[in-house]
Amino acid sequence: MAHLLSTTCSVKISSSYRPCGQPLNQVRTALPTSFTIQTSKSPFKRLVFQGDRGGRSFVVRATAAPVRQEVSAQSGSGSNLSPNEPSKPQRVMIIGGDGYCGWATALHLSNRGYDVAIVDSLVRRLFDHQLGLDSLTPISSIHNRLRCWKATTGKTIDLYIGDICDFEFLSETFNSFEPDAVVHFGEQRSAPYSMIDRSRAVFTQKNNVIGTLNVLFAIKEFREQCHLVKLGTMGEYGTPNIDIEEGYITITHNGRTDTLPYPKQASSFYHLSKVHDSNNIAFTCKAWGIRATDLNQGVVYGVRTDETSMHEDLYNRFDYDGVFGTALNRFCVQAAVGHPLTVYGKGGQTRGYLDIRDTVQCVELAIANPAQPGEFRVFNQFTEQFSVNELAALVTKAGEKLGLDVQTISVPNPRVEAEEHYYNAKHTKLIELGLKPHLLSDSLLDSLLNFTVKYKDRVDRKQIMPNVSWRKIGVKPQTVPAN
């Protein structure tokens with residue numbers, strides 16, 4: 001599962017095919033008739049896929065060598081300015097760029113003038129097929145997404161399809177694109193997924209830990225000055241009964257004082273993989289002089305950014321199920337379809353939250369203000385703290401304004417976690433770099449609820465209730481049947 005079959009392929013589209021339909025902003029840009037994707041090696045010498053759906057036809061065939069897309073350099077915040085050199089866009093590789101946070105970030109950085117490449121195995125889409133899940137929003141294929149972005153904005157994003165656990169593929173990708181910064185979203189990011197069964201727990205740790213190790217070795221071997229921006233998680237810290245600092249804590253013990261990495265209390269095999277990542281990155285910064293920023297991200301909500309709103313083929317995914325859906329997004333969908341809001345246990349679980357528009361802003365700030373060689377920085381990436389009960393109350397109030405009858409129920413907590421606890425996490429470093437937060441306002445909740453109401457006919461109500469238990473995980477592979 002860690003190595004997907006893939007190949008180097010050239011995609012040709014018939015001249016009559018219009019993948020974007022009519023762009024929402026009425027931009028009339030000629031579509032490219034072909035582009036090339038660099039992907040990992042496969043035992044198959046030739047891959048052919050032909051299709052004809054809704055008046056569109058396309059053919060995919062293997063080619064021997066990649067051909068880079070033409071990229072027009074754009075000046076802007078992505079430019080590297082030097083008194084002796086002309087303006088040159090900074091090259092940013094986004095691993096996991098087809099995912100929820102990665103896709104929004106790729107478009108944002110491209111729109112800001114960075115030279116962007118997406119590296120993705122597309123395994124997240126496979127998870128949906130395996131578990132019978134689907135996004136609330138219809139999402140286009142990665143190929144149609146990139147064609148639409150080109151047609152709508154005139155900007156090109158390179159695409160490399162392959163698995164970063166395959167070091168040969170990753171090496172070829174680094175040598176081909178030559179990134180100045182790597183934004184690493186490319187991990188299995190769901191705690192419930194990692195707790196389904198033994199095979200998913202093993203996959204999560206292998207995919208996440210080995211993938212990140214490969215990225216570190218690729219930077220050391222091929223791009224020593226490349227800045228790694230790693231998406232971590234606030235879940236690494238757990239819920240300690242003291243304030244959570246940003247990565248490090250200064251302690252005095254038996255008369256001696258030192259600044260040490262903040263203690264980690266991971267609560268799933270997924271969170272444990274992120275702790276392993278942090279340790280590996282910190283070690284390689286010290287040993288090899290790698291420059292890295294670890295963004296310990298809170299729970300992300302929302303779906304729209306300026307770029308993903310340009311056209312329906314650029315829409316981001318919106319997960320609401322019990323495996324990949326996050327609390328606020330799930331509550332909004334539940335309210336839209338008249339399902340009671342599912343509060344786990346007592347509902348006092350408190351976490352840091354942020355709008356997806358702030359995710360892309362934080363990543364850009366980290367890239368624009370890179371760590372020094374040998375430096376391992378840790379930023380806590382969230383804007384506000386809420387308990388689950390507080391989120392439920394906010395959604396209930398916003399739903400009533402829209403005429404929705406929103407109820408709340410307490411369901412047995414499938415996780416092993418404190419349901420009432422102290423929580424106070426510091427998050428000042430990104431604010432100091434210039435983050436302008438989008439706080440959770442009534443208008444934002446109204447917008448999010450209206451969005452979920454628009455797509456409520458796509459909701460599979462059988463996927464709403466949680467069905468993955470931390471305590472019942474076993475060695476037998478599970479299909480996670482619908483309730």
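Which residue caps the N-terminal end of α7? I found Ser268 there, with a side-chain oxygen 3.3 Å from the backbone nitrogen of Tyr270; I count a polar contact as N or O atoms within 3.5 Å, one able to donate a hydrogen and the other to accept it, with neighbours in sequence counting only if both atoms are side-chain atoms.

Note to self: this is a predicted model, with local features needing pLDDT of at least 70, side-chain atom pairs 80 or more, and totals for chains, interfaces and linings using all residues. Residues are numbered from 1 along each chain as its sequence is written, and side-chain values use heavy atoms, leaving out hydrogens and water.

Next, α7 itself (helices are DSSP runs of H or I, at least four residues; strands are E, at least two). The helix covers residues 269–288 and spans 28 Å from first C-alpha to last, close to the 28 Å expected (1.5 Å times one less than the number of residues). Just after α7, I saw Gly289 take a positive phi of about 80°.

I then checked burial (under 20% relative accessible area, 1.4 Å probe, protein chains only). Among the buried residues of α7 are Tyr270, Val275, Ile281 and Cys285. Their cover includes α6 (198–222) and β14 (291–297), with contact meaning heavy atoms within 4.5 Å.

Last, I looked at an open sheet of three strands, ordered β15-β17-β19 with mixed pairing (two strands pair if DSSP finds at least two bridges). The edge strands are β15 (299–301) and β19 (384–387). Three bridges join β15 to β17, and these two run parallel. Val300 stands opposite Leu354 in β17.

Key: Buried means under 20% relative accessible area, exposed over 50%, partly exposed in between (1.4 Å probe, protein chains only).
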